[in-house]
Amino acid sequence: MEAASIAHAGGHAHDEHHGPPEAHRSSRVEPQLLGMLLFIISEIMVFGGFFTAYFFIRVAQGDPWPAPGTNLPVEVAGMNTAILVSSSFTIHWAEQCIKKNNRFGFKAGMLLTFLLGCSFLFIQINEYANIGFAPQDGAQQTVFFSLTGLHGAHVFIGLLLLLFVTIRAFRGHYSPEEHRGVEVPGIYWHFVDVMWLVVYFTVYIL
Amino acid sequence: MRHRDEDSGVQTLMAARLKQPGFLRGGLGILIGIAFSALLTWVVRSSTGHSTFHHYLSSEAILTVSLIAAPLAFLVGLGGFDYWFYWAAGKKTRPEDHSSHGAYTWKDYFRINTDHKVIGIQYTVNSFFFLLVGGLIAMLMRAQLAQPGSHFVDANTFNGLFSVHASLLIFLFIIPVFAGLGNFVIPLMIGAPDMAFPRLNALSFWLLPIAGLMMLGSFFAPGGAFADGWTAYAPLSDTAPVGQTFFSMAVQFAGASSIMTALNFLVTIITMRAPGMSFFRMPLLVWANFATSLLVVIATPFIAASQFFILLDRGLHFNFFNAAKGGDVLMYQHVFWFYSHPAVYIMMLPGFGIISEVIAVKARKPIFGYRMMAFSLLAIVGLGFTVWAHHMFTSGMAAWIRIPMAITTAIIAVPTGIKIFSWLATLWRGVLHLDTPMLFALGFLTTFTLGGISGVMLAMIPFDIHVSATYFIVAHIHYVLFGGSLMTIFAGVYYWFPKMTGRMFDERLGKWHFWTTFVFFNLTFAPMHILGLEGMPRRVSTYASQFAGLNLFISLASFGLGISTLVFLYNMVTSWRGGPKSVSNPWRALTLEWQVSSPPPVFNFDRLPTVVGGPYEYGVPGAVHGIFAPTPAAAGSGVLREPSR
């Protein structure tokens, strides 16, 4: 058994006010990483619930999609997809940079990712404003807005995380040894991207 | 002059207390949350214009947004997010100083506390508070039902009563009380100093009282409490009065809490086991919570989604369930039951774990078929996702779906049966210690088996159609949730009471509690089978006079059941305050939580134990589960050996 342990800084350094003994690490997976993966599983299931609504309202009822008289801006959303997907590459680049202690690349990568995410959200909101129908119009419109909106909410949360990481990047935090704080939000961001591909494919293209 | 000094002194003190995390700042948070909600709804409504909304200020809209904003702002005030805000602001990470660990006065139970043992007790006490409230509501219902046509409460209030009763006892009692017992016991059992994410743990507890008060608060909403049962079927829940919003929002908070805890359990169990504690050396309670947490992480998001649909339909006039605009009401039932069927296993599997602990220790025998016990838990997790539509046999869904669902429902009784027979085989030729925890375990075996059998009956489609929405369902659900889950909870609370409080409970009162509970439970719920077969519908405030005799009998028995709970309460309170001090291992158990003092030290273990054998080797000469590792002086005394008889 490996004797690696969860870092409980402080505490155990002095024996009189001793903190807990270091926990034994019984898995090679880091707790933070595992926590994020489990969280993503439950997020996928939230999307699963919304896709169930999609299935019943779009597939099971068999009405034409999009509802007659409405158009989905497939090209604009396609551009937006490209923007979001490219942000997955920039955050990967940022992670590689901090591992090699390339601080400039790290900061540039984080900033770029954050800006790409912002532009995705901006274009999405703009699309909502100009799409010409509203969720109140009918069940199909409801499904369109709720699926893309649920994803938009995830982009927003992801952007908040990216913002925090970017601020810390510019303040000189993280190092080649200690970059878990970049990795874990990075996984979430990749999840948001992959989820968008699923949403884009099912809602716009199919 | 002096006067003014005092004034400003009070003011600075007040200001200082408002900056400190705590209830005062939490109260301020609630006010800010409500003000924010009023502002937000006003801005949105006035910017959207009169064509959409007739009034720029709507009390229902403010109330709906407040139900999200005020609790979150309260939690910010209480200090639940302090560390994360600190992190988000980009400040230097600060080392954990353990200042929020441990409880030294009763006040420490009323703040954000990151100690899993404190959180476990917070969870348990909070859950039992809601058990008492839910039980009182049941008494009110039985008072109404004692005679046909009585007017103890009006019909709408009655609908509110049974809805709140079920919601409280499911979301605020059974599910969290298991999380509470697990919180206290699991890190100790696997030899970990705490849970993997202590701050998340604290936050997930504090979401619960909020959810509970929200459900109770719905009684004061205009139009009364939510009145369409704990299932909140659409489209009724789309158009019900605003009390329904309280339910949907409370479920979101309780659901978030249970997902966070499950995630925490899984990470703790996977990454923080003591050296030598392989998966197949884990006590079955840990296995049970592992399986339950998998269910929670995968299934609970579905009820979140179903309540999002309701909230969006109600608040923003979306059309998920508006059939006139293409919505699909059946979809609600599918999404809801895709969570709520696994949820019955979420409400049962940890209980299975408790029973395995109690029976092995009290029969002084190794658990029969340990691996099969673990595998059957996982089988239930897998099968649990394939049976949801058996709740919908009469819903009008495609008829052929009923057949696979009936088959899987019958199959899922197999792993449950494996567990029952394993426990019976463990008891076989054991040296039975018939004290309170064991009595509850044996009572559980009896009543849960009865509930399981009526469950298999309900899997049969023709029978299910016959008794659908009758008292037979009420009888079945109470046999599995009261006779099943609650019995295991009582067994667990008595079993770990010495560990949690450091004191012994009164054994005589405990036995009284068991026998009154067991007898009155059966007197209350067994006749409901007959009522259901004869066709008395459930969820009604009155009934045909032919059912009067049995109903009066049930009501009287249920009051006896209520009184039996008071025995438990009295026993717990007086024993906690002044019971005899408990030794560290009163049951001579092998699992690790009994090898530390009672109550355990703040950081659980001074030295982490090393696990060298299985957890249930009772009666096996020389069997060892854990060793407190290796200081030469303690080498002999540190070995946890089964005492030879």
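**Figure 1. Domain layout of chain B in the predicted model.** The domain assignment splits chain B into domain 1 (2-88), domain 2 (348-580) and domain 3 (592-641). Between domain 2 of chain B and domain 3 of chain B, the C-alpha centres are 33 Å apart. Twelve residues is the share of the former in their contact, given as 12 residues from domain 2 of chain B against 10 residues from domain 3 of chain B.

**Figure 2. The side of domain 2 of chain B that touches domain 3 of chain B.** Two helices of chain B, α12 (349-363) and α17 (471-501), each bring at least two residues to this side. α17(B) gives the most, with four residues. By class, this side of domain 2 of chain B holds seven nonpolar, two polar and three charged residues.

**Figure 3. A strand pair in chain B.** Strand β1 (residues 609-611) of chain B runs antiparallel to β2(B), and three bridges join the two. V611(B) faces G626(B) of β2(B) across the pair. Strand β2 (residues 624-628) of chain B is mostly covered, with four of its five residues buried.

**Figure 4. Where chain A meets chain B.** Chain A puts 43 residues into the contact, and chain B puts in 50 residues. On the chain A side, α1 (31-60) and α4 (139-170) are the elements that supply two or more residues. α1(A) gives the most to the side of chain A that touches chain B, with 16 residues. The class count for this side of chain A is 21 nonpolar, 18 polar and four charged residues.

**Figure 5. The largest nonpolar core, with L377(B) in view.** This core has 237 residues. The members that touch the most other members are I190(B), A211(B), A250(B), A291(B), L377(B), A441(B) and A491(B). Leaving aside residues up to four places away in sequence, L377(B) is in contact with W287(B), A288(B), A291(B), L349(B) and F352(B). A291(B) thus appears among the contacts of L377(B) and is also listed with the core members that touch the most others.

**Figure 6. The surroundings of I112(B).** I112(B) sits in the loop between α4 (82-88) and α5 (116-145) of chain B. I112(B) counts as buried because 20 C-beta neighbours lie inside 10 Å. Residues up to four places away in sequence aside, I112(B) touches P21(B), L78(B), G79(B), G80(B), S100(B), A202(B) and W206(B). V431(B) is 319 residues away from I112(B) in sequence, and their C-alpha atoms are 44 Å apart in space.

**Figure 7. Chain B as a whole.** Chain B has 19 helices and three strands. The C-alpha atoms of chain B fill a box of roughly 80 × 80 × 45 Å along the principal axes. The radius of gyration of chain B is 26 Å, which agrees with a compact globule of 645 residues, because such a globule would have a value near 26 Å. Of the 645 residues in chain B, 53% count as buried. Among contacts in chain B with a separation of 6 or more, 79% join residues 24 or more positions apart.

Methods
Residues numbered from 1 in each chain as written. Chains lettered and ligands numbered in written order. Predicted model: local features only at pLDDT ≥ 70, side-chain atom pairs only at ≥ 80, totals over all residues. Domains from an automatic or database assignment. Contact = placed C-beta atoms within 7 Å. Nonpolar A, V, L, I, M, F, W, Y, C, P; charged D, E, K, R; others polar. Buried ≥ 20, exposed ≤ 12 C-beta atoms within 10 Å, placed from the backbone. Pairing = 2+ DSSP bridges. Core = buried A, V, L, I, M, F, W, Y, C linked by C-beta atoms within 7 Å. Rg over C-alpha atoms; globule rule 2.2 N^0.38 Å.
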